[in-house]
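This report walks through one protein model, from its strand pairing to its helix packing and its core. Keep the structure open while reading.

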Amino acid sequence: MLKLSYFELLSNRPVVVPGAGGILSPKLREIAALGIENYRQYLTVLSMDDFELFLSMEPSALLLQRVLNFFIQEEVVCSPRHNCFFLKTGKETTGTVTRESYSEICDVIFQRNNIKSMQQEDPSKIENKKASEIMKKLQKGRAQKAAHAKADDTMDLGNIISAVAGKSPSLNLLNIWDLTIFQLYDCFARLSANNIYDIQSMSVAAWGDKDHSFDAAAWFQRIYQPH
C-alpha cells in the first residue's frame with residue numbers, strides 16, 4: 001500500500017497513484033455541494049471491497065463511478081466489458097481502476113480524507129488455517145464494537161468546522177470552505193495542541209517551572225501520526 005507523507009496529505013494537489021490517477025482531498029465547499037450525507041455514503045461505498053460485485057450490475061457500477069469521480073482528478077468511465085474503470089484526460093485514457101489496484105486506490109482516498117481504512121484483510125487469503133480463524137474472530141469483534149459505538153457529536157464535521165472557524169485567528173465561516181478535509185482536521189489538531197501549550201505557558205509565566213516539565217518547543221512538535 002502507498003503510504004503518503006505528511007506533506008502530501010496537507011497538499012491541495014492530487015496525489016498520483018501509479019497506473020491509476022490523481023487522488024484528491026476534497027475541499028469543504030465541494031463536500032457541501034455534494035451533501036454531507038452523500039459524502040458519508042461515498043466513503044461507505046469505498047469500504048466495501050468487492051470490486052467485481054459492483055461491476056456485475058449496472059446501477060452499482062454507475063454508483064461506484066460517481067464515487068470515484070468525486071475523489072479522482074481524471075474522468076472515471078465504467079467499462080464492464082473490460083471489468084474495470086478507465087480514467088480519461090480529454091479523449092486520452094491515462095489510467096485504470098482494476099480489481100488489483102482498487103484496494104490501494106481506496107486506501108489512498110481514505111488517507112486523503114483523514115480516516116482509517118475501513119477495508120479489512122481477507123481471511124481467506126491467509127494460508128495458515130489457525131491464523132485465518134483468528135482473523136475472522138478479530139474482524140467479527142471489531143464489527144460488533146463498531147455497531148454498538150455511539151457517535152461522538154463533538155467530532156461531527158459541522159462542529160469541527162464551527163470550532164476551527166471560531167478559534168482560528170485567520171479562518172472564519174466565509175473562507176474556511178477553501179480548506180481540504182485533511183487540512184481542516186489538521187488545523188483542528190494544531191489549534192487544540194496550541195491551546196494546551198498556551199495554558200501551560202501562562203501557568204509557567206505566573207508560577208514558574210519548578211519541575212522543569214514545560215517544553216518551550218512543544219508548539220511546533222509533530223502532531224500528525226499516520227493511521
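F85 has V97 as its bridge partner in β5. This is a predicted model. The pairing of F85 with V97 belongs to a longer ladder: β4 and strand β5 (residues 92-97) are joined antiparallel over 5 bridges. L87 takes part too, with G95 as its bridge partner in β5. The two strands make a hairpin with 2 residues between them. In that turn, G90 has a positive phi of about 70°.

On its other pairing, β4 (residues 84-89) meets strand β3 (residues 75-79). These strands also run antiparallel, and 5 bridges join them. E75 is bridged to K88 in β4. S79 has C84 as its bridge partner in β4. The hairpin of β3 and β4 has 4 residues between the strands, and N83 adopts a positive phi near 55°.

The bridge partners named so far are collected here.

| Residue | Bridge partner | Strand of the partner |
|---|---|---|
| E75 | K88 | β4 |
| S79 | C84 | β4 |
| F85 | V97 | β5 |
| L87 | G95 | β5 |

**The sheet**

Together, 3 strands form an open sheet in the order β3-β4-β5, with antiparallel pairing. The edge strands are β3 and β5, each pairing on one side only. From one strand to the next, the twist averages 35°. In general, the strands of a sheet pair through backbone hydrogen bonds, either parallel or antiparallel.

Which helix packs on this sheet? Helix α5 does, touching β3, β4 and β5. The direction of α5 makes about 160° with that of β3.

**S79 in the edge strand**

S79 lies in strand β3. Is S79 buried or exposed? S79 has a relative accessible area of 10%, which is under the 20% limit, so S79 counts as buried. Residues up to four places away in sequence aside, S79 touches C84, F85 and F86. C84 is thus both a contact of S79 and the bridge partner of S79.

**Helix α5 against helix α3**

Helix α5 (residues 58-71) also packs with helix α3 (residues 36-47). Their axes are 10 Å apart, at an angle of about 110°. Angles of 65 to 115 degrees count as roughly perpendicular, and α3 and α5 therefore fall in that class.

The α3 side of the contact consists of Y39, Y42, L43, V45 and L46. From α5 come L63, L64, R66, V67, L68, F70 and F71. By class, this contact has 11 nonpolar, no polar and 1 charged residues.

**The core**

How many residues does the largest nonpolar core have? It has 50. Those with the most contacts inside this core are L46, L64, L68, F71, F85, V97 and L184. α5 gives the most to the core, with 7 residues.

Several of these names have come up before. L46 sits on the α3 side of the helix contact, and L64, L68 and F71 on the α5 side. F85 and V97 are the bridged pair of β4 and β5.

**R29 and a distant stretch of chain**

R29 is found in helix α2 (residues 28-34). Its relative accessible area is 41%, so R29 is partly exposed. Leaving aside neighbours within four places in sequence, R29 is in contact with W177 and D178. The C-alpha atoms of R29 and N175 are separated by 9.8 Å. Along the chain, R29 and N175 are 146 residues apart.

**The whole protein**

The protein has 9 helices and 5 strands. From the N terminus on, the elements run α-β-β-α-α-α-α-β-β-β-α-α-α-α. Of the 227 residues in the protein, 35% are buried. Among contacts with a separation of 6 or more, 59% join residues 24 or more positions apart.

Technical notes:
Residues numbered from 1 in each chain as written. Predicted model: local features only at pLDDT ≥ 70, side-chain atom pairs only at ≥ 80, totals over all residues. Heavy atoms only, no water. Axes fitted to C-alpha atoms, helices over the stretch in contact; angles between N-to-C directions. Parallel < 35°, antiparallel > 145°, perpendicular 65-115°, else oblique. Contact = heavy atoms within 4.5 Å. Nonpolar A, V, L, I, M, F, W, Y, C, P; charged D, E, K, R; others polar. Pairing = 2+ DSSP bridges. Buried < 20%, exposed > 50% of the residue type's maximum accessible area, 1.4 Å probe, protein only. Core = buried A, V, L, I, M, F, W, Y, C linked by side-chain atoms within 4.5 Å.
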